[in-house]
Every structure is written in C-alpha cells, then in structure tokens.
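Subject: Structure handover and findings

Hello,

Here is the structure we talked about handing over. Please open it alongside this message; my notes on what turned up follow below.

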Amino acid sequence: MHHQSTAFKPLQFPFPFPPHLHPPNAIPSRRLFPLHPNTTTYSPRSAASCRSSHIPVSSPPCTLPSSNAIKHAAVKTVDVATLGNLCVDIVLNVPKLPPSSPDVRQAFMEQLSSSPPDKRYWEAGGNCNTAIAAARLGLNCLSIGYVGNDIYGNFLLDVLHDEGIGMVVMNEETDFVGGPGRCSYDTLLCWVLVDPSQKHDFCSPLDFSKEPAFSWMRTLSEEVKRGIKRSRILFCNGYDFDELSPGLISSAVDCAIEAATSVFFDPGPCGKSLLCGTAEEQKAVRHLLRMSDVLLLTSEEAESLTGIANPILAGQELLSKGVRTKWVVVKMGPKGSILITPSSISCASAFKVKVMDTVGCGDSFVAAIAFGFIHNFPLVTTLAFANAVGAATAMGCGAGRNVATLKQVVELMEAHDLNEDDDFWNELLGEHIDSEEVTFLSKMVLNGGNGRMNRLAFRKAVSELLPKLKSCQLEGTLSH
C-alpha cells in the first residue's frame with residue numbers, strides 16, 4: 001500500500017524528526033486526550049446527544065425508546081453496549097521514538113496536535129474495536145461515550161454507522177463550569193508512534209494530568225441509562241478511567257445490575273495501577289471486579305491483580321472475591337485461553353496463523369466471548385470461537401475497520417489447525433484434574449475422558465458451531 005506523506009514543522013529537541021510521516025500497522029490506544037480546538041467543526045449527524053496490588057478481600061443502529069418507557073426490567077433490544085473509551089487512533093511511522101523526558105514528550109505531542117493529519121492515518125480505536133467485531137458477528141451493538149462536534153467525531157460516527165452500530169453520546173452540558181460553551185470538548189485522540197523495529201509509543205496530555213479527560217461528567221443521562229438497561233451486556237475496561245470519573249463508571253455498573261444487564265470487565269494492563277490509585281479509583285475497580293458477571297484478563301494481568309502466577313489459581317481467586325462473577329476468562333496468547341467457573345475449567349488451544357498484527361485481537365476476543373455468552377454456547381466451544389476471532393484479526397493489519405469478519409473466522413475454524421502444546425497443558429492442568437471438572441479441546445483425541453478430565457474433539461465442537469455461524473452469513477446479518 002502506498003502512503004502519501006504529511007509534512008510537519010521541524011521540532012526542536014535532540015533526536016531526528018522526519019519531515020515525512022506515514023502510518024504503519026495500527027497499534028492499540030493506551031492514553032486518550034482532547035485535541036486542541038480545530039478550525040473545522042460541525043455537529044455529528046448520527047449522534048443522539050445527551051444532556052443533563054492484590055485484590056482486598058473486602059445490526060442496524062439502535063433506536064432507543066423515550067425515558068417514560070423505561071421499566072425496572074427493560075426489554076433487551078441491544079446485545080452489547082460498550083461504555084466509554086471512544087477515540088480515533090492516529091498512527092505514524094517515525095525513525096526514532098521520543099525520549100522519556102516529560103518536557104520533550106509534551107513538546108512533541110503539542111507539535112503533532114497543531115494540525116489535523118491526512119485522513120488516511122485515522123482509524124477507529126478503543127472500544128470501537130469490540131463494537132465493530134461484535135457487530136460483524138451479527139450482534140446488535142451500541143456505543144456509549146463522548147464524541148465531540150469536530151472532524152474526528154464525525155469520522156467515528158460515520159465508521160460506527162457504516163458498521164451498523166448505534167450511538168449514544170455522553171455530554172452532560174449542565175455540569176460545565178463555564179456554561180454550555182464547554183460542550184465543544186473535542187473527540188479523544190491517541191497519537192501512536194512506531195519506529196522501524198515496530199516498537200511503539202503513545203503521546204497524550206493525560207500523561208501529565210491526574211484528572212480523567214471528562215471528569216466534569218458526574219451523572220448518567222436518561223439516554224445513557226436507557227441504553228444500558230436495554231442491553232444484554234455492558235462492556236467496560238480499564239481505559240474507561242482515562243476519560244470518565246470513577247463514580248460515573250460505578251453508576252453505570254449499578255444501572256446495569258439493577259436492569260439485569262450482565263457486566264463484562266477487562267481491567268487491562270492498568271488494572272493494578274488503578275488498585276493502587278486514588279481512593280475513588282480503588283473503590284470503583286474493586287466494585288467492578290466484585291460485581292462483573294465476566295472478567296477478562298491476560299495471564300500477566302491476572303497475576304498482577306492477585307499475586308498468583310498460575311492462571312487457573314489466579315482465576316479462582318478472582319471468582320472467590322466476586323459477588324456476581326460467573327466466568328473468569330484468561331487469555332494466554334499463542335498458547336490459547338482458559339475459562340474458569342466456580343465448578344469447572346475449560347481450555348482451548350490457540351490457532352496456528354501467520355501473525356501480521358496483534359492489535360485488536362483482545363478486543364475481538366471479547367466480542368466472541370459475548371457472542372457465546374448470549375447464545376449459551378458450551379464453554380469450551382465459546383473459547384474456541386473466541387480464539388478463532390482473535391486469530392483472524394491477527395492475520396490482518398490493525399484494529400478498527402480491520403478486525404476480523406465472520407467469513408474469515410469460519411474459514412479459519414474449518415482449517416482445524418491448532419497450536420497444541422501437550423506439555424504446557426499437562427503441566428498447567430495436572431494439579432486440577434482430580435479436584436475440578438476439566439474440559440480440554442483437542443484435535444488429536446476422540447471424545448471421552450479420564451476421571452474428571454473430559455477431552456472434546458475439536459472437529460465435533462466446530463461441526464456444532466459452524467452451522468450457526470454460517471446461518472448468520474446467509475441471513476445477511478453481517479456488515480462485512
């Protein structure tokens with residue numbers, strides 16, 4: 001692919017800055033920030049604007065009804081709603097990443113923000129990845145978050161609209177200290193810099209601020225509450241804390257619980273730092289960990305939250321601390337994934353694929369777990385499906401509109417090519433086989449078991465799953 005270059009004025013700091021930048025494969029957003037005001041702004045045409053350490057023991061866009069129609073047990077017309085973390089990724093190749101000096105990084109960031117880059121560098125980021133992946137699996141999705149009245153906000157709304165995703169824009173105008181004019185806050189951006197060795201870095205004013213980007217939003221509007229109550233699943237992640245106050249996030253969780261909406265939470269790499277953060281952050285994260293129905297973590301994140309290296313034991317620790325927790329899903333990269341419940345352990349190996357870009361794999365994985373949760377798939381089948389969706393995304397370049405399509409997922413599952421590592425699984429599962437119900441998906445065995453170990457043939461699981469997935473394609477429920 002050929003890229004036009006965008007020229008920036010030279011920066012005055014001690015490392016070379018290229019006169020021409022171009023976008024590499026997209027990289028996941030880490031920090032979000034409001035850009036300086038743009039000269040070109042206009043109202044988004046698709047938005048529904050809204051007014052108004054260790055864990056302590058302790059389909060088409062959605063049309064939401066009026067507030068008068070909301071009851072305690074609302075009809076679920078939305079499958080998955082994502083909360084916050086809506087941003088545009090601006091991905092650029094640079095010959096050298098900026099140094100760690102705060103002053104130099106801030107100057108670099110301000111230079112990047114001085115004028116909008118070419119649109120070819122833009123991609124939907126953050127929770128847009130999960131919403132797009134879920135919509136492509138045939139789920140009815142809704143994004144809840146802040147989008148500004150600027151060119152980037154309009155871009156995000158267009159992408160979500162094209163993917164068949166509904167939108168509720170959070171904009172608590174009444175709480176602005178400076179009056180209605182404050183509603184001109186811009187759409188969140190993430191400047192992602194990639195050097196020739198594919199190492200990456202992120203630039204954000206939030207690196208220099210302790211406050212969330214939209215800390216002035218303190219209450220949920222009626223439109224936001226309706227969106228949550230009409231959803232089967234509300235998905236939150238640790239990056240929500242970059243933009244929304246801890247109290248507002250907790251209010252969204254409480255709204256979901258009251259409406260019998262299941263809560264999915266992925267704390268991400270910032271989970272541990274949040275548990276050591278402000279009193280409000282600690283309280284909100286503990287609330288999410290206790291009250292979520294499904295927790296999703298990497299094995300490293302599970303260890304950082306519990307202090308337990310074994311991912312199964314770490315998952316069981318998280319379950320024991322939960323009030324509503326039904327599943328803990330642990331992602332283990334090229335090895336596969338584990339789903340832990342109070343009474344069982346399910347394991348599935350990863351797929352063998354040529355990895356082009358791991359960006360968006362975890363977000364796509366979440367979408368597939370939600371799909372299995374909603375459709376009540378067998379646990380190990382849900383894992384296999386999620387592994388396939390994540391792997392199909394890894395075969396492409398970047399997230400946003402580059403996440404996997406269902407057609408790609410089906411083709412991958414039909415190939416039956418798993419990255420099995422018997423030694424790894426035998427060592428990991430050895431101490432649990434006699435005490436828990438263990439189901440392991442394998443392409444090398446016939447259905448059967450040994451004691452409490454149940455081995456399920458991968459072909460059998462796929463043969464039961466593929467007809468359901470293919471029917472979605474035939475019915476034309478996918479955007480791609």
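The largest nonpolar core has 81 residues. F264, V329, I369, F385, V409, M413 and L469 have the most contacts inside this core. Helix 11, residues 379–394, supplies its largest share, nine residues. Please keep in mind that the model is predicted.

M413 is a convenient place to start looking at that core. Leaving aside neighbours within four places in sequence, M413 is in contact with F351, A384, F385, A388, F458, V462, L465, L466 and L469. Another core, of 59 residues, lies apart from the 81-residue one. Among the residues of this other core are L142, L220, A314 and M453.

Aromatic pairs

The structure holds 12 aromatic pairs. One of them joins F264 and F373 edge-to-face, with 5.2 Å centre to centre and 90° between the planes. What does this pair tie together? F264 lies in strand 10 and F373 in helix 10, so the pair ties together parts that are 109 residues apart in sequence. Both F264 and F373 are buried. F264 is also among the residues with the most contacts inside the 81-residue core.

Elsewhere, W122, Y152 and F155 are linked into a cluster by ring pairs. A ring also meets a charge: the charged end of K335 sits over the ring of F424, 5.2 Å from its centre.

A350 and its surroundings

A350 is found in the loop between strand 14 (344–349) and helix 10 (361–374). Is A350 buried or exposed? Its relative accessible area is 10%, which is under the 20% cut-off, so A350 counts as buried. Not counting residues up to four places away in sequence, A350 touches G333, P334, K335, G336, N387, L418 and N419. One of these, K335, is the lysine with its charged end over the ring of F424. For G333, the C-alpha atom is separated from that of A350 by 7.6 Å, with the two positions 17 residues apart along the chain counted as their spacing.

Two positive phi values

N85 is not a glycine, but has a positive phi of about 55°. N85 is placed in the loop between strand 2 (78–83) and strand 3 (86–93). With a relative accessibility of 2%, N85 counts as buried.

A260, also a residue other than glycine, has a positive phi near 60°. A260 lies in the loop between helix 5 (246–258) and strand 10 (262–266). Why does A260 count as exposed? The relative accessible area of A260 is 61%, and the cut-off for exposed is over 50%, so A260 is exposed.

The second largest cavity

About 40 Å³ of space lies in the second largest cavity. Which residues line the second largest cavity? The lining consists of D422, W425, N426, L429, F440, M453 and R455. Two elements give two or more residues to this lining, helix 13 (422–429) and strand 17 (453–457). Helix 13 gives the largest share, four residues. M453, one of the lining residues, is also among the residues of the 59-residue core.

Regards

Notes:
Residues numbered from 1 in each chain as written. Predicted model: local features only at pLDDT ≥ 70, side-chain atom pairs only at ≥ 80, totals over all residues. Heavy atoms only, no water. Core = buried A, V, L, I, M, F, W, Y, C linked by side-chain atoms within 4.5 Å. Buried < 20%, exposed > 50% of the residue type's maximum accessible area, 1.4 Å probe, protein only. Contact = heavy atoms within 4.5 Å. Phe/Tyr/Trp six-rings, centres within 6.5 Å; stacked < 30°, edge-to-face > 60°. Lys NZ or Arg CZ within 6 Å of the ring centre and 35° of its normal. 1 Å grid on protein atoms, 1.4 Å probe; cavity = no way out; pocket = protein on both sides within 12 Å on 5 of 7 lines; lining within 4 Å. Points joined across faces, edges and corners; volume = space filled by probe spheres on them.
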